[in-house]
Amino acid sequence: MSETLLSAADLAAVPLLADLPPTVYDWLLTHGERREFAAQQDIMRPGEPADYMMVILQGGLQFFRVVNGQREPGFRIEAGQISGVLPYSRLRTSSGFGVTTGPTVLLALHRNLFPEMEQVSPELVQRLVSAMSDRARDETRAQERDEKLRALGKLSAGLAHELNNPAAAIARAAQALASQVSQQPAFLQALVQHCPTPEALALLVALAEPAAPENRGGFTALECADEEDLLADWLESQGVPDGYRLAAPLLQAGRTRAELEPLAATLAPEARPIALAWLESQLTARCLLHDVQEASTRISTLVSNVKTYSHMDRGANYAPLDVQAGLESTLNMLGYRLRERQIRLVRAFAPGLPPVRGQVSSLNQVWTNLLDNALDVLPLGGQLEVRTQRQGEFVQVLIVDNGPGIPAEVLPHIFEPFFTTKQAGEGTGLGLDIAQRILRNHGGRLEVRSAPGRTEFCAWLPVVS
């Protein structure tokens, strides 16, 4: 390529400009401006006017978004591609940086010349508009993917805490259970030596099943302490050397003195200490197994919530879905933040809601954004209401908080891309724009009403016809 002049062959090598009439190349060479840049040179900066279409003939450009005051790599274009402003584009100012990846040569065409270019070559303009549509679609997908990753990042710390609690409970229970199981052979051997009657064994085995929670007395904390003292004294009166150690787990399993006295009456005095120790060990082991089962169920529920939230087990196609299931999984994912901030959560789900047609992961991204925004502004101990209802041929999802409200001067701009009221480093300004876009892609919309003490976001989704 010549260092000073461009030719029609240089332009024809660009795929979008290939096979055009010579008159079109002549027009581009006449009206375009050849520009040359060194490597690593900023040729676009945030806030600068976006006035030129750029045909990259040599080198390339790396574009960077500005997120929380930092440069984040966006997309890259190489020689043979066209970037910048294209015909019918509404872009007026640059939102990021464009940096040359090496020595770069390009042809720049001012946007004021686009009407004339359309007269010269409608075919070229059609190609450029098609390229702009593809670029906008790719950029939208990238923004939505990035926002989803940010949402998952916000949830990850809370999710780790949610998973750690039941995992730690299982570890503790397993260790205690191993200790209990290891004692069983010695207890059995000692018990058999006293030759208890079949009736005594039957009663002992029957008491080894923990009582149902509703049958455990319902003592207050003070009453429970008194009962433990009474049971410990009785156990020691039966020859149990460590009555206080056995009293608490026996009572926790629902076994009171009134139930244990008939058992003691069927046993020889020397058999009572070992029989009661065996009983306590069995009951404690059963309670520990119950704790393991509950913790395992909690982990399974969280994993299921993650699968539902991220839509891991299904394709990306639109399908009938239950909006309330998605809301529940998202609320569970945010459970740690709700408890941490002592938020009072009010669920008001309408029964019998019809399904809507949508993508689970996309809608969960909307719910995460709206709920997370509400949690950011709610005071400690605030209230968050999540309500669903049917309105004609739509399902409405309302997320209402009693925070300070959105200022009147901010409200008209709330859905604008890159608009944010958060401090630097806390937001991108894309969340609500993407949420609105997702709902519109589903045939719905997002509305907001706000006053001091009440902010309501309302998502509309059409029901499956």
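These legends go with a set of close-up views of one predicted model.

**View 1. The whole chain, before zooming in.**
This is a predicted model, and its chain carries 13 helices and 15 strands. Of the 465 residues, 43% count as buried. If you take contacts between residues at least 6 apart in sequence, 75% of them join residues at least 24 apart. Hunting for disulfides won't get you anywhere: a search of the whole structure finds zero.

**View 2. Helix α12, wrapped up by its surroundings.**
Helix α12 covers residues 360-377. Its 18 residues should span 26 Å at 1.5 Å a residue, and the end C-alpha atoms are indeed 26 Å apart, so the two values agree. Of those 18 residues, 15 are buried, which means the rest of the structure largely encloses α12.

**View 3. The largest nonpolar core.**
As a bit of background, nonpolar side chains in soluble globular proteins tend to be buried together. Here the largest nonpolar core gathers 36 residues, and Val323, Trp367, Leu370, Leu384 and Leu446 have the most contacts inside it. At least two residues of this core come from each of α10 (323-333), α12, β12 (383-391), β13, α13 (431-441), β14 and β15. Helix α12 supplies the largest share, eight residues. Another core, of 29 residues, lies apart from this one, and its members include Ala200, Leu204, Leu251 and Leu276.

**View 4. Leucine 446 and its company.**
Which residues does leucine 446 touch, once its neighbours within four places in sequence are set aside? The contacts of leucine 446 are Leu370, Phe415, Leu432, Ala435, Gln436, Leu439, Phe457, Cys458 and Ala459. Leucine 446 is also one of the residues with the most contacts inside the largest nonpolar core, as is Leu370.

**View 5. Strand β15 and its two partners.**
Strand β15 takes in residues 454-462, and seven of its nine residues are buried, so the rest of the structure largely encloses β15. With strand β13 (residues 394-401), β15 pairs in the antiparallel sense over eight bridges. One residue pair to pick out is leucine 398 with its bridge partner in β15, cysteine 458. With strand β14 (residues 445-451), β15 again runs antiparallel, this time through seven bridges. Arginine 449 has glutamate 456 of β15 as its bridge partner. When you follow the side chains here, keep in mind that in a regular strand they alternate between the two faces of the sheet.

**View 6. The turn of the β14 and β15 hairpin.**
Two residues sit between the strands of this hairpin, and glycine 453 takes a positive phi near 90°.

**View 7. Two cysteines, both buried.**
Cysteine 458 has a relative accessible area of 4%, so it counts as buried. Cysteine 287 has 19% relative accessibility, and since buried means under 20%, it counts as buried too.

**View 8. A stacked aromatic pair.**
The structure holds two aromatic pairs. In one of them, the ring centres of phenylalanine 63 and phenylalanine 75 are 4.6 Å apart with the planes at 20°, so the pair is stacked. Phenylalanine 63 sits in strand β4 (residues 60-67) and phenylalanine 75 in strand β5 (residues 70-78), 12 residues apart. Phenylalanine 63 is buried at 8% relative accessible area, whereas phenylalanine 75 is partly exposed at 34%.

**View 9. An edge-to-face aromatic pair.**
Phenylalanine 394 and tryptophan 460 have ring centres 5.6 Å apart and planes at 80°, so this pair is edge-to-face. The pair links strand β13, home of phenylalanine 394, to strand β15, home of tryptophan 460, with 66 residues from one to the other. Phenylalanine 394 is partly exposed, with a relative accessible area of 24%, while tryptophan 460 is buried at 13%.

**View 10. Positive phi in two loops.**
Most residues other than glycine have a negative phi, but this view picks out two that don't. Aspartate 19 has a positive phi near 60°, and its place is the loop between α1 (8-12) and α2 (22-31). Is aspartate 19 buried or exposed? At 72% relative accessibility, aspartate 19 counts as exposed. Glutamine 342 has a positive phi near 55° and lies in the loop between α11 (335-340) and β10 (344-348). Glutamine 342 is exposed as well, with a relative accessible area of 54%.

Conventions: Residues numbered from 1 in each chain as written. Predicted model: local features only at pLDDT ≥ 70, side-chain atom pairs only at ≥ 80, totals over all residues. Heavy atoms only, no water. Helix = DSSP H or I, 4+ residues; strand = E, 2+ residues; numbered from the N terminus. Expected span 1.5 Å × (residues − 1). Buried < 20%, exposed > 50% of the residue type's maximum accessible area, 1.4 Å probe, protein only. Disulfide = S-S within 2.5 Å. Pairing = 2+ DSSP bridges. Core = buried A, V, L, I, M, F, W, Y, C linked by side-chain atoms within 4.5 Å. Contact = heavy atoms within 4.5 Å. Phe/Tyr/Trp six-rings, centres within 6.5 Å; stacked < 30°, edge-to-face > 60°.
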